[in-house]
Amino acid sequence: MAESRTVADLLVERLRAWHVPRVFGASADGVEPIVAALGRAGGDPAFIQARHEETAGFMATGHAKFTGGVGVCLAAQGPGVVHLLGGLYDAKLDGKPVVAIVGQQLDNAFGAAYQEIELTRLLSDVCGEFVRVAETAEQVASLIDRAFRTAVATRSPTCVIVPQRLQAAAVPDLPPQTDGVYSMAPGLPPARVLPHEEDLNAAAQLLGAGQRVAILVGQGGYGAAEEIIALADQIGAGITTSLLGKPVLDERLPFHTGVMGHLGTTASAELLGGCDTLLLIGTNDPWTDYYPLPGQAATIQIDIDGRRLANRYPVDIPLIGDAVETLRALLPRVPHRANREWRDRTELSFERWWGDATARADTPAEPVNPQHVLRELSPRLPWDAAVAVDVGSVTYWYARHVQLPPGVPAHLCGTFASTGTALPYGVAAKLAMPDRPVVVLAGDGAMQMNGLSELVTVANRWHDWADPRFVVLVLNNRDQAGMSLVQRESGRPALPEAQRLPDVPYAGWARLLGMHGLRVDRPELVGAAWDEALAADRPTLIEAVVDATVPLSPPDRPFADLRGLLLEEREEVDGTEAASRSRTELVRERAVAADRIRDRSGGEAELT
């Protein structure tokens, strides 16, 4: 006797209609009927079991970032949905479409204080655009459709809560559309969004009048590289990017100054500090202290989301529109008046900074300089790779030292800034692109948080990948380096019990799981390790034993207050040789930067 079709089957059919390739989650009794329905679906969509609901949420967001599609995650009530929140907030703050399907316990359990959470209230902030509870079978299809439409239209996470009793219920004969019963169709074609003609003309006039134009590109500039470069050439502009916008353009362009902000380059700080006109393209970058001073630069901003206009900096001409379409409409209106002097200064500024960065990466450390490890990746990164980056000191080294080949996607938890996202992102990227190599960049704090467990997921799945290369770099410095370095730079004492991490044999753990593991503790081994990992016939973990005291050195602050580092009574705030070496290196770097600025200040004072 054939099994009756359940509401869970109906839900899975709706996911298939929306062309969902996979659902990320962890099995639990609150969603058991849905998991069973996914099994009956024969892998369309596939159920991807994560080791934890938190990483399932990050996988769904990673899927949305790497594919441009909608990520879908599944969790049960109680602790399951609580664990899902991190990934959903990541999607909300970075503007990515994710649909969460959440189970609800049996009705007769309400009031018994067993795994009981008021779900709509819990999710009302992170899924504020759409969170609904399905009460009847007739609602399920339309709620799923509305969740997907809203997620795509608002670039945000949404949620449908399905009680367990309803998941297992048989699907009734659904009537045609009548009062109170709605049928919908999946799919949402993209719209063409363009600013008004008068606004485009005003923006073109402002850009044409600029003498020193800077263009700041964010993730909203994806797909518009050709137009951005053409506009920059037309008006002699320099280009910088936000951290999330780093993959948009080829950073080897001579007038590209790299990433801006605290994690970025001195050249980018100089570009923004010296401009008189600023064009913001698809960016909501929060490093406002690196923007021009308010009133310094006439500003145009392009963004498809009007809520983000003038959110970080005063804007003279806001343009609501898609970056590609808006730039194409803008280009013929902007007069050709390239400022060679400004462009030459921009290029020279980056050359100087790149030389400084190279010298920093080549500076000896104990035992390996982490900057050297990331810099050795750049010339070896395959043109068809995908890169996932974690939060921590590794983010700084990625931002400054890794130059991505054109077309290589790279993503991180940019705005929510949650540690422990790189492995889930990498898994999502590999499942979406199994024929391409994936590189994951993480610190030891992230690996100890959840990376070690998600290596189990990699070990369980890599045999099915067309290209088995999945390279995980772990910077093993036995320290919460990002926080420790901030504390040392500010002069505040670090608490060793809070900052130090256990020394875990990461490469050994990878080998134990049947993957390849390499441990690098000398700088001359770094390049060969990357070569070996990128040629391996299985996933590889590179454990680079690096110096925790290498300074992060935010750009453009050579005269920062050093009293916290130099006052005698604070000379040994944490009582370690490492702290002393960190202070010495930081003072040396800032002194070099100060000398460099003094050397050139006379010839360029009129431009600033």
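## Helix pairs and cores, question by question

User: At roughly what angle do the axes of helix α10 and helix α12 cross?

Analyst: Happy to start there, keeping in mind that this model is predicted. Helix α10 covers residues 266–274 and helix α12 covers residues 340–362. Their axes come within 8 Å, and the crossing angle is roughly 155°.

User: Is α10 roughly parallel or roughly antiparallel to α12?

Analyst: Let's use the angle: the axes cross at roughly 155°. Angles over 145 degrees count as roughly antiparallel. Therefore α10 lies, relative to α12, roughly antiparallel.

User: How many charged residues does the contact of α10 with α12 have?

Analyst: On the α10 side, the residues include Glu270 and Leu271. On the α12 side, Arg345, Arg352 and Trp353 are among them. By class, the contact has five nonpolar and four polar residues, and the number of charged ones is three.

User: Which helix gives the largest share of the largest nonpolar core?

Analyst: That core has 56 residues, and Leu88, Met447 and Leu541 are among those with the most contacts inside it. The largest share is seven residues, and these come from helix α15 (residues 422–432).

User: Is Asn450 buried or exposed?

Analyst: Asn450 sits in helix α16, residues 444–461. Leaving out residues up to four places away in sequence, Asn450 touches Glu54, Thr55 and Gly420. Its relative accessibility is 7%. Buried means under 20%, so Asn450 counts as buried.

Note on methods. Residues are numbered from 1 along each chain as its sequence is written. This is a predicted model: local features need pLDDT of at least 70, side-chain atom pairs count only at pLDDT 80 or more; totals for chains, interfaces and linings use all residues. Side-chain values use heavy atoms; hydrogens and water are left out. A nonpolar core is a set of buried Ala, Val, Leu, Ile, Met, Phe, Trp, Tyr and Cys residues joined through side-chain atoms within 4.5 Å. Buried means under 20% relative accessible area, exposed over 50%, partly exposed in between (1.4 Å probe, protein chains only). Helices (H or I, at least four residues) and strands (E, at least two) are DSSP runs, numbered from the N terminus. Axes are lines fitted to C-alpha atoms, for helices over the stretch in contact, and angles run from 0 to 180 degrees between N-to-C directions. Angles under 35 degrees count as roughly parallel, over 145 as roughly antiparallel, 65 to 115 as roughly perpendicular and the rest as oblique. Contact means heavy atoms within 4.5 Å. Ala, Val, Leu, Ile, Met, Phe, Trp, Tyr, Cys and Pro count as nonpolar, Asp, Glu, Lys and Arg as charged, and the others, Gly among them, as polar.
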